[in-house]
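Hi everyone, thanks for making room for me on the agenda. I'd like to walk you through one protein, starting with the overall picture and ending with a few local details.

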Amino acid sequence: QVQLVESGGGLVQAGGSLRLSCAASGGTSASYSMAWFRQVPGKERDFVAAISWGGTRIYYVDSVKGRFTISRDIAKMTLYLQMNSLEPEDTAVYYCAAAPRFLSGTDYARLQAYDYWGQGTQVTVPS
């Protein structure tokens with residue numbers, strides 16, 4: 001069983017930056033695809049960014065391209081999301097997700113493709 005714990009959320013002014021972390025524990029040495037999703041109250045959980053185990057494949061939703069960077073430290077079993085030039089529209093609870101398999105194409109953006117989820121961390125960017 002894999003456990004995911006997010007941290008790094010908070011309140012930041014528009015134009016500011018935050019770095020989210022997701023620490024993974026448990027599970028096996030199998031390769032994992034990992035991703036960040038976000039959700040605002042009353043709406044569906046939306047895809048933000050994803051990365052393959054080796055880091056060779058990275059995907060972003062259009063609205064964060066050029067502002068957010070997903071990365072991972074395999075030795076530390078930690079996933080990161082560097083968020084720059086934050087906008088009020090980025091306000092949400094951010095969730096880390098992991099899938100013990102290779103994901104391809106549009107599967108990276110599908111909620112159902114992921115087996116494990118963290119508890120979420122709140123990011124607030126006041127307007």
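Let me begin with a definition: the radius of gyration here is taken over C-alpha atoms, and the globule rule is 2.2 Å times the number of residues to the power 0.38. Please keep in mind that this is a predicted model. For 127 residues, the rule puts a compact globule near 14 Å, and the protein has 14 Å, so the two agree. If you prefer a box, the C-alpha atoms fill one of roughly 40 × 30 × 25 Å along the principal axes.

What about secondary structure? There are zero helices and eleven strands, so to speak a one-letter alphabet: reading from the N terminus, the elements go β-β-β-β-β-β-β-β-β-β-β.

Now the contacts. Taking those with a separation of 6 or more, 58% are between residues 24 or more positions apart. Of the 127 residues, 41% are buried. The accessible surface comes to about 6,400 Å², and carbon and sulfur atoms hold 50% of that. For the electrostatics fans, we have 11 positive and 10 negative charges, and their mean positions are 5 Å apart.

On to the aromatics. How many aromatic pairs does the protein have? The count is five. Let me pick out one of them, Phe-37 with Tyr-114, which is edge-to-face, at 5.5 Å centre to centre and with 75 degrees between the planes. Phe-37 sits in strand 4, residues 33–39, while Tyr-114 is in the loop between strand 9 (92–99) and strand 10 (116–117), so this pair ties together parts that are 77 residues apart in sequence.

Are these two residues buried or exposed? Buried means under 20% relative accessible area. Phe-37 has 0%, so Phe-37 is buried, and Tyr-114 is buried as well, with 6%. Ring pairs also link Phe-37, Phe-47, Tyr-114 and Trp-117 into a cluster.

Last stop, the backbone. Which residue has a positive phi of about 55 degrees although it is not a glycine? That is Met-77, found in the loop between strand 7 (68–73) and strand 8 (78–83). Met-77 is partly exposed, with a relative accessible area of 37%. Ser-85 also has a positive phi, near 50 degrees, and is a residue other than glycine. Ser-85 is placed in the loop between strand 8 and strand 9, and with a relative accessible area of 39% Ser-85 is partly exposed.

That's my tour, and I'm happy to take questions.

Conventions
Residues numbered from 1 in each chain as written. Predicted model: local features only at pLDDT ≥ 70, side-chain atom pairs only at ≥ 80, totals over all residues. Heavy atoms only, no water. Helix = DSSP H or I, 4+ residues; strand = E, 2+ residues; numbered from the N terminus. Buried < 20%, exposed > 50% of the residue type's maximum accessible area, 1.4 Å probe, protein only. Contact = heavy atoms within 4.5 Å. Areas by Shrake-Rupley, 256 points an atom, 1.4 Å probe, with all protein chains shown as cover. Lys, Arg positive; Asp, Glu negative; His and termini not counted. Charge placed at Lys NZ, Arg CZ, Asp CG, Glu CD. Phe/Tyr/Trp six-rings, centres within 6.5 Å; stacked < 30°, edge-to-face > 60°.
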